[in-house]
Amino acid sequence: MVGVSDTPGPASVSPAAGRPLLSLALASMMEDVGAHSGAVYLLRPDAPVLEMAVMAGLPRAFAAPWERVGLSAQIPVALAARERRLVWVGGAEEMARRFPRIAVVLPYPFALAAVPLATAERVLGVVFVTWPGTRAAEVSGEDQDRLTEACARLSGQLERAAADALPAGPEPDLLATPAPEVAAVDPDPAEAARLLSRLPYGLVSMDLRGRIGFLNEAAAELLGRSAGDLLGTLPWVSVPWLNDPGYEDRYRAALLSQRPTSFVALRPPDQWLSFRLYPNTTGLSVRITRVKVLTERTHEAARSGTPPPRLVTISQLLSLTGALTEAVAVRDLVRLVADELGPAVGSRALVLLGSQEGRLRVLGHHGYRDARAVEHYDGLPLSARSPGTQALDSGVPAFFESVEHLERLYPSGRDPRDGFAAWAYLPLVASGRPVGTCVLAYAEPHVFRAEERAVLTSLGGLIAQALERALLYDAKHRLAHGLQSALLPHSLAPPPGIEAAARYLPATRGMEIGGDFYDLVPTRPLAAAVIGDVQGHNVTAAALMGQIRTGVRAYTAVGQSPEEVMDSLNRLLLDIGADLFASCLYLRLDPARGQAVMARAGHPPPLLRRPDGRVRVLDLAGGPLLGIDAGAVYPTTEVAMTPGSVLALYTDGLVESPGVDIEDALVELGVVLAEAGGGPLESVADELVRHGASGRERVDDVAVLLLRASGGG
């Protein structure tokens, strides 16, 4: 039975004929199908957003994260509205697989149905109702008919109310009213009080919001507060040592699942108490007793100086899941799950499994003393009967509490070198498809309780989403590096009288691909060299870089002068219309005369090391970046390159760093070139790159091209 909450709702009652239209319809639906909670959402007329108008059966705080829901959200009410159909979730495991965002906040056994409120023309909102515990995989035909018919009636009422200029709006929430008392004889209040006072354990009555409505003397004594201080309060607020989200979680679990729950808490300094919660639709009854065994262990630990074992709460586990957003590549995800989630759930090792061409593939592992212990997974046909393939194929998690348990069901399910004693196989399902299996291994036999299974299954859903992103990143990463490798020269062919060495380092952020490029064009009689940087760090930048490099070779081959090559490249970028700019430094080499003619387009100035070791920055005339101004002019500068001179061309990633002045960076780079420039050119290139990349994260890629005049030619 539901009644209007004694706490005001979010707004006044819907104006439709002065009657609480939504509340009455929701209460009737819940009674027809035996649901214990539910809510009505209305679709905003000005935005694709569902807003909760009324909730019944449970406090609104249970659904606080979803009071406003975008239509694109991956949760049941949004899916029901988008697809205009009933969405059914039969229990906690299915919720964790399909809607991990909800399961991670509410990892309790309950079933849910979401039904759209819609007419032939438009969607008006959504209704959801829940049942405690786990129900069938499919909603019963009778319940489906009742819900869809009731929602069709409510949709019609909403349409008529809107036509009468009385649109429905938020209404006060509905909470259960106390059931009428039933007694064989009229109760004697004094006798009832004496009965409760004689009990050796504490009794507490809490309403649906968690507020204490009654407690006996023993409960007040055990909690260490007077009854007057506790009545009307939330115990996790009024009792400091109960201020742990895990204890409040047990209250939520009891109400949502309508099953008894319990927890053990330490009352300082050394008294352990057991709390047993018995729910129904009107609230909870709580029994509090002392736990002598744990208290004695605490005393022993205090005498020995050993701290008592730490109890890890579900809320502490759930708080770690936010770290999954930090994982970029699969190797990052393996490290994160091992370092952050493993210790919280007590596992000592893990394996991430994927599938390729009908076989299991090991994507990564951590914690195995002998890496060969995971080899039996790799290459296993998906048709084979094993816990890894079964979890991946069925989407159902599997928990094995001991070696005997695993070997009884899967005689060949483990490698003898594994060395572990319990396992959790979590299916990783993202975007409705399996992407892998996460295997958690435990050093000792481990009992997986219902709450822990729900949490691990929920974590599996979140790991799946992170893995899907990581697999996509790795695929793009391979594509990007393949493209980068194809576009940069595989070797340099300097003309007679010139030595050359080059280096390229990708950025350490993003796709690790960029538009930096270099090339040495061995045309006769004069060779050419080029270095440049296309804006961006993605496949588009790399592709444009390849077009520029091809253009450089073509324009050089037809005999264009340096200023003509730059002008042609500028027109090329403008004609392509890529909306990306590029810097460039192009030079024509004449080893016989000991000269180089250079043209510059917004590129950092080169460094020239004289044979005597002195280094100077070449202040070249130049024009703007390529791809900006069709009328740009790129003047040239002649530079003498006597035998033994080293010309250092580089991109800005070598010298630019947050908080470092560019002039200071150039001076430091010149010092390195002066000291190392007399050695082998390959070693000089290594020293320059090492200096530029040392002690900092590269936010830009780096290209270096060194040319040394060796004489002759």
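Which helix does Leu256 lie in? Leu256 sits in helix α10, which spans residues 245–257. This is a predicted model. The briefing starts with Leu256 and its surroundings. It then moves to the cores, a five-stranded sheet and the aromatic pairs.

**Leu256 and helix α10**

- Leu256 has a relative accessibility of 4%, so it counts as buried. The cut-off for buried is under 20%.
- Beyond four places in sequence, Leu256 touches His36, Leu58, Phe62, Leu106, Tyr108, Pro109, Phe110 and Pro132.
- One of these partners, Leu106, is 150 residues away from Leu256 along the chain. The C-alpha atoms of Leu256 and Leu106 are nevertheless separated by 8.6 Å.

**Ser37 in strand β2**

- Ser37 belongs to strand β2, residues 37–43.
- Ser37 counts as buried because its relative accessibility is 2%.
- The side chains of Ser37 and Thr130 make a polar contact at 2.3 Å.
- Leaving out residues up to four places away in sequence, Ser37 touches Met30, Ala56, Gly57, Leu58, Phe128, Val129 and Thr130.
- Leu58 is among the residues that Ser37 touches, and Leu58 is also among those that Leu256 touches.

**Nonpolar cores**

- The largest nonpolar core has 61 residues. Val69, Val77, Leu242, Phe275 and Ile288 have the most contacts inside this core.
- Helix α10 gives the most to this core, with six residues.
- Val69 is in contact with Tyr41, Pro48, Val49, Leu50, Ile75, Val77 and Ala78, leaving aside neighbours within four places in sequence.
- A second, separate core has 51 residues. Its members include Val552, Val565, Ala632 and Met641.

**Helix α2**

- Helix α2 runs over residues 76–83 and is mostly covered. Six of its eight residues are buried.
- The buried residues of α2 are Pro76, Val77, Ala78, Leu79, Ala80 and Ala81.
- Two of these, Val77 and Ala78, are in contact with Val69.
- Arg84 comes just after α2 and takes a positive phi of about 50°.

**The five-stranded sheet**

- Five strands form an open sheet in the order β20-β21-β22-β23-β26, with antiparallel pairing.
- The edges are β20 (515–521) and β26 (636–640). Each has a single partner strand, so one side of each is left without a neighbour in the sheet.
- On average, neighbouring strands of this sheet are turned by 15° against each other, direction ignored.
- Helix α18 (residues 562–576) packs on the sheet. It touches β22 (582–590), β23 (595–601) and β26. The direction of α18 makes about 155° with that of β22.

**Strand β21 and its partners**

- A hairpin of five linking residues joins β20 to β21.
- β20 pairs with β21 (residues 527–534) in the antiparallel sense over seven bridges.
- Gly515 has Val534 in β21 as its bridge partner. Asp516 stands opposite Asp533 in β21.
- β21 also pairs with β22, again in the antiparallel sense, over eight bridges. Here Ala527 has Leu589 in β22 as its bridge partner.
- Eight of the eight residues of β21 are buried, so the strand is largely enclosed by the rest of the structure.
- Ala527, Ala529, Ile531 and Asp533 point one way from β21. Ala528, Val530, Gly532 and Val534 point the other way. All of these are buried.

**Aromatic pairs**

- The whole structure holds 11 aromatic pairs.
- Trp236 and Tyr251 form a tilted pair, 5.0 Å centre to centre with 40° between the planes.
- This pair links distant parts of the chain, 15 residues apart. Trp236 is in helix α9 (residues 235–238) and Tyr251 is in helix α10.
- Both Trp236 and Tyr251 are buried.
- The rings of Phe399 and Phe448 have centres 5.2 Å apart and planes at 45°, so this pair is tilted.
- Phe399 lies in strand β16 (residues 398–400), and Phe448 lies in the loop between β18 (433–442) and α16 (450–487), so the pair ties together parts 49 residues apart in sequence.
- Phe399 counts as buried, at 6% relative accessibility. Phe448 is buried too, with a relative accessible area of 4%.
- Ring pairs link Phe62, Trp236 and Tyr251 into a cluster. Phe62 is also one of the residues that Leu256 touches.

Technical notes. Residues numbered from 1 in each chain as written. Predicted model: local features only at pLDDT ≥ 70, side-chain atom pairs only at ≥ 80, totals over all residues. Heavy atoms only, no water. Buried < 20%, exposed > 50% of the residue type's maximum accessible area, 1.4 Å probe, protein only. Helix = DSSP H or I, 4+ residues; strand = E, 2+ residues; numbered from the N terminus. Contact = heavy atoms within 4.5 Å. Polar contact = N/O pair within 3.5 Å; in protein donor to acceptor, adjacent residues only side chain to side chain. Pairing = 2+ DSSP bridges. Axes fitted to C-alpha atoms, helices over the stretch in contact; angles between N-to-C directions. Core = buried A, V, L, I, M, F, W, Y, C linked by side-chain atoms within 4.5 Å. Phe/Tyr/Trp six-rings, centres within 6.5 Å; stacked < 30°, edge-to-face > 60°.
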